[in-house]
Amino acid sequence: MSRYEFTKRLETGNSIIDTEHKELILAVNKLLDACSKGEGRSSVDGTIQFLNNYVNEHFSHEEQLQRQSHYPGMAAHKAFHEQYKKTLKEITSRISQSGPTIVELGRLNGHIGVLITHISTEDKKLGAFLSQT
Ligand SMILES: [Fe+2]
């Protein structure tokens with residue numbers, strides 16, 4: 001199972017956002033580790049809960065930065081966050097209920113890929129905007 005890495009390509013230039021993205025990637029890797037080592041339900045559930053909470057918290061910090069700076073792309077960015085949180089919750093709930101099957105882990109990896117793309121495009125745009133304000 002592959003693990004995710006915070007690379008230069010993902011840097012937004014905003015230190016709060018970048019620090020939280022690093023933590024987010026660590027949380028994803030912890031969940032994947034717990035799944036692949038067959039660590040048992042309570043360990044997997046702990047990492048699932050932590051990841052969902054961290055994503056919620058981080059997204060709300062980004063949204064706060066957007067409100068404060070009157071970011072023009074705020075509505076679309078928030079809509080993405082809402083959908084993302086919903087799908088993450090669905091996928092991780094199924095992993096919690098049925099265990100980390102190949103199918104669910106494939107879905108999880110696909111959904112993490114969506115986040116990585118979001119970071120390298122939309123969050124970078126936000127970082128560039130914040131650095132000008
Ligand atoms: Fe974002």
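Helices here are DSSP runs (H or I) of at least four residues, numbered from the N terminus. With that settled, A27 has its place in helix α1. Keep in mind that everything below comes from a predicted model.

**Around A27 and L51**

Let's stay with A27 for a moment. Is A27 buried, exposed or something in between? Being buried takes 20 or more other C-beta atoms within 10 Å, and being exposed takes 12 or fewer. A27 has 19 such atoms within 10 Å, so it counts as partly exposed. Leaving out residues up to four places away in sequence, A27 touches F50, L51 and Y54. Take the pair A27 and L51: they are 24 residues apart along the chain, yet their C-alpha atoms are separated by 5.6 Å.

Seen from the other side, which residues is L51 in contact with, once neighbours within four places in sequence are set aside? They are A27, V28, L31 and T92.

**The core**

L51 also turns up in the largest nonpolar core, which has 16 residues. The members that touch the most other members are V28, L31, C35, V44, I48, L51 and I95. Helices α1 (15-36), α2 (41-69), α3 and α4 each supply at least two residues of this core. Which helix gives the largest share? That would be α1, with 7 residues. As background, nonpolar side chains tend to be buried together in soluble globular proteins.

**How the helices pack**

Here are three helix pairs that involve α4, with their axis geometry.

| Helix pair | Axis separation | Angle |
|---|---|---|
| α3 and α4 | within 10 Å | roughly 160 degrees |
| α2 and α4 | within 11 Å | roughly 40 degrees |
| α1 and α4 | 12 Å | about 175 degrees |

Start with α3 (residues 74-98) and α4 (residues 102-132), whose axes cross at roughly 160 degrees. That angle makes α3 roughly antiparallel to α4, and their crossing is left-handed. On the α3 side the contact uses H77, F80, Y84, T87, L88, I91, R94, I95 and S98, while α4 brings E104, R107, L108, H111, L115, H118, E122 and L126. By class, that contact has 8 nonpolar, 5 polar and 4 charged residues. I95 is a name to remember here, since it is in this contact and also among the core members that touch the most others.

With α2 and α4 the axes cross at roughly 40 degrees, and the two helices are therefore oblique to each other. This crossing is left-handed too. E62, L65, Q66 and S69 from α2 meet L126, F129 and L130 from α4. The class split for α2 with α4 is 4 nonpolar, 2 polar and 1 charged. L126 of α4 thus has a part in the contact with α2 as well as in the contact with α3.

Finally, α1 and α4 pack at about 175 degrees and are therefore roughly antiparallel to each other. From α1, the contact takes in I17, H21, V28 and C35; from α4, L105, I112, I119, D123 and G127. Those residues divide into 6 nonpolar, 2 polar and 1 charged. V28 and C35 are familiar names from the core.

**A backbone oddity in the α2–α3 loop**

One last stop is H70, in the loop between α2 and α3. Most residues other than glycine have a negative phi. H70 has a positive one, near 55 degrees, and is not a glycine. Is H70 buried or exposed? With 9 other C-beta atoms within 10 Å, H70 is exposed.

How values were computed:
Residues are numbered from 1 along each chain as its sequence is written. This is a predicted model: local features need pLDDT of at least 70, side-chain atom pairs count only at pLDDT 80 or more; totals for chains, interfaces and linings use all residues. Axes are lines fitted to C-alpha atoms, for helices over the stretch in contact, and angles run from 0 to 180 degrees between N-to-C directions. Angles under 35 degrees count as roughly parallel, over 145 as roughly antiparallel, 65 to 115 as roughly perpendicular and the rest as oblique. A crossing is left-handed if the near helix is turned anticlockwise from the far one by less than a right angle, and right-handed if clockwise. Two residues are in contact if their C-beta atoms, placed from the backbone, lie within 7 Å. Ala, Val, Leu, Ile, Met, Phe, Trp, Tyr, Cys and Pro count as nonpolar, Asp, Glu, Lys and Arg as charged, and the others, Gly among them, as polar. A nonpolar core is a set of buried Ala, Val, Leu, Ile, Met, Phe, Trp, Tyr and Cys residues joined through C-beta atoms within 7 Å.
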